[in-house]
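Subject: Structure for your review

Dear colleague,

I am passing on the structure we spoke about, and below it you will find my notes on what turned up when I went through it. Please read them alongside the sequence and the coordinates.

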Amino acid sequence: MLSKGHARRLSPVENFFALAQRQKLYKNFTMVVKFKNKINNKGLLYHAVKKIIFQNPLMGCTVVNTDYSDLVTPKPQHDYIKILDKLKFKDLFIDGGNVPKEAAKRMEYINDIVLPYGHGHPFWKLIILDDFTLGYISNHISSDGITAKNFFQDLQHQLTKLSSTNSIPEIDYDNELILDYQTDQHLLPTLPPALDSIISHKPPLWYYPEFLYTMYKISKTCELIQPTINHAHHYKSIKIPPEQLSQIQKMIKSNNVTMTPYLETAWLVSQKQINLLGNTSNVDIITAVDTRHYISSDVDREKYRYGLHACSTHTYWEIMNDFKWSSVRDVHKYMKWGVSTKRALFRLGFITSDKLANKHNLDGFFKDKLKQGKKGNTMFSNVGVVNNSNGEFAFEDVVFAQHMNGTYFKFCFCCATDLLNGGLNIVVSVPKCDIDEDELDLLMKQFEQNVIQGCKE
C-alpha cells in the first residue's frame, strides 16, 4: 500500500487529533441535513457514497493503531493511516431508530456517539434519522467541518445524477462491498499528503514569547474552570430563518465586517449581560480556521476537499458590556490579522512540533496537561454557507455541532448556513455541571435578541 500511495503516516496535526480520540478526550462532530425529498434509499446512497469514496480515498481510510499503554516513553513515529481492506455498506451506517426528534435533543444523542479508534474502523459514519434526514458523524482524525459540508454537497450532486437513471438494481445492499482493496486498488487515487506537510506550521522565533504571553494573560485575567470529561451536556439551538438572516447580512455588510466576528461579539457580550463572567477583566475564545486558505495556486485544491485541514486563533478580549459595531470591528480586524500573518497556523505548529514529540510522549503529555490545567470560555466553529442547489435533493435544513467532551473549553459554539431554505442554525453545547439549564436558556435568549436586533451603534 505504501508504494502505491494508499497508506502513509499520520501527520503531526492529524496525530494531535488522533490522540484526542485514542485518549477519549473528544467525542465527535456531526452535520445533519434534511432533504427536500426522501433519501432513505439504500440503492441511491450506496452508489452515491461509493462514487465519493473512489474520488476521495481519504474517506475510505482507517488507522493502523499501535500500543499506547505506555504514556511516558516518547513516541515520535505516528500511526499509519491506510485504505480499508474491505468496506461494506452497513459498516458506514448507525441505526437511527431511537434518536429523539427535537433538534437539540437529537444533536445531544448523536454527538455522544464515539467511533472506535483502530484498524478496520472507518473515520466516519452516516445515520438515517428519518426518510428525509441524514447525519454525518466523524471523529477529527481525517475530517473537519468543511469536509462534512463538502460531503453533503457532493452527495447532493451524486444523488441528482443517479435519480435520473433506471439502472439501480433492487438488492440487499447491507452486505454489498463499497470497497474491496484487492480488486479496487487500481481504481483509487493516491492519498493526498497531509496539508501540514506542504504548508509549514512551524512558528518563527518571535512567535514563542507572544504565544506564551497570551497564555499567561488568559490564565491570570480570564475565568477558567476545571475540565469535566465524560459529563452529560446541554444542547441548545437557535434557528434564524432566511428572511431575518438577510437583514442581518445587510447590517454586517454595511459595517464592513463578516458573520463570524458579529456572532462572536454578540456571544461574549451576552454572557456579560446576564452576569455569567463574574469579576474577571477578560474572556477568551478560540476560533476554528480553514487551513485550505493557505493552499498555494500550484497545488490542486480538489485533493483537499476532504481531510483534516483546521487550525485556529486563540485570544482574549476585555469584557464588553454592550453590543457595539466598534467591538465587532475590533474582533473582525483581529481575525483577519491572525489569518493573514499565519498565527492561526503557528499556534497548532507550536503544540504539534517534532521537538515536543521527540521529548515527550504526546498522549501522556496532553492527558496530564488536561488534568493539571483549566478550560477556557468558548470554542467557536462556523462552517459558513453550505452550497445548495434547488433541485430534487435540495437541502431544507443544515445543522452542525461538536462534542468537545468538556475538555479545553466550556462552551462549544457551532453554526452553519443554508441561504436557500434553512437559514442560519446555531448549536451550543456545554457540560451540564458547568451551567444550570435555566441560566443557559437565559443566555441563548439574550444572544438571539442581540443577533437579531443588531448593535447599538
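How many of the residues of α11 are buried? Before I answer, please bear in mind that this is a predicted model, and that what follows should be read in that light. The helix α11 is mostly covered, with 8 of its 9 residues counted as buried; they are Arg343, Ala344, Leu345, Phe346, Arg347, Leu348, Gly349 and Ile351. The loop between α10 (325-340) and α11 (343-351) holds Lys342, which counts as partly exposed because its relative accessibility is 40%. Lys342 also has a positive phi of about 70°, although it is not a glycine. I mention this because most residues other than glycine have a negative phi.

A second residue of this kind is Asn230, which is not a glycine either and has a positive phi of about 65°. Asn230 is placed in the loop between α7 (207-221) and β10, and with a relative accessibility of 53% it counts as exposed.

On the overall layout, the chain is divided into domain 1 (2-194) and domain 2 (197-455). The C-alpha centres of domain 1 and domain 2 are 24 Å apart, and the two are in contact through 65 residues of domain 1 and 61 residues of domain 2.

Where does the second largest pocket lie with respect to domain 1 and domain 2? Because both domains give residues to its lining, the second largest pocket lies between them. The volume of this pocket is about 340 Å³, and 17 residues line it, those closest to its centre being Val32, Ala103, Arg106, Asp397 and Val399. At least two lining residues come from each of β2 (29-35), α3 (103-111), β10 (233-240), β14 (395-402) and β16 (423-431). By character, the lining of the second largest pocket is made up of 8 nonpolar, 3 polar and 6 charged residues.

Turning to enclosed space, a search of the whole structure gives 7 cavities of 30 Å³ or more, and the largest cavity has a volume of about 50 Å³. Its lining consists of Asn15, Arg22, Tyr68, Lys75, His78, Asn361, Leu362 and Asp363, which divide into 2 nonpolar, 3 polar and 3 charged residues. Both α1 (12-22) and α13 (362-372) supply at least two residues each to the lining of the largest cavity. Domain 1 and domain 2 are both represented in this lining too, since at least three of its residues are drawn from each.

Two buried residues with polar side-chain contacts deserve a closer look in the viewer. Thr265 belongs to helix α9 (residues 259-273), and at 0% relative accessibility it counts as buried. The side chain of Thr265 reaches the backbone oxygen of Pro261 at 2.7 Å. These two positions are four apart in the numbering, and in an α-helix residues three or four places apart point the same way, because there are 3.6 residues a turn.Leaving aside its neighbours within four places in sequence, Thr265 is in contact with Met320, Phe323, Ser327, Val328 and Val331.

The other residue is Asp144, which is placed in the loop between β8 (133-138) and α4 (145-163) and, at 3% relative accessibility, counts as buried. A polar atom of the Asp144 side chain lies 3.2 Å from the backbone nitrogen of Ile146. When neighbours within four places in sequence are left aside, the contacts of Asp144 are Phe29, Arg292, Gly307, Leu308, His309 and Ala310.

Lastly, there is Ser3, which is found in the segment before β1 (7-9). Is Ser3 buried or exposed? With a relative accessible area of 73%, Ser3 is exposed. The C-alpha atom of Ser3 is separated by 56 Å from that of Lys445, a residue 442 places away along the chain.

With kind regards

Terms used. Residues numbered from 1 in each chain as written. Predicted model: local features only at pLDDT ≥ 70, side-chain atom pairs only at ≥ 80, totals over all residues. Heavy atoms only, no water. Helix = DSSP H or I, 4+ residues; strand = E, 2+ residues; numbered from the N terminus. Buried < 20%, exposed > 50% of the residue type's maximum accessible area, 1.4 Å probe, protein only. Polar contact = N/O pair within 3.5 Å; in protein donor to acceptor, adjacent residues only side chain to side chain. Contact = heavy atoms within 4.5 Å. 1 Å grid on protein atoms, 1.4 Å probe; cavity = no way out; pocket = protein on both sides within 12 Å on 5 of 7 lines; lining within 4 Å. Points joined across faces, edges and corners; volume = space filled by probe spheres on them. Nonpolar A, V, L, I, M, F, W, Y, C, P; charged D, E, K, R; others polar. Domains from an automatic or database assignment.
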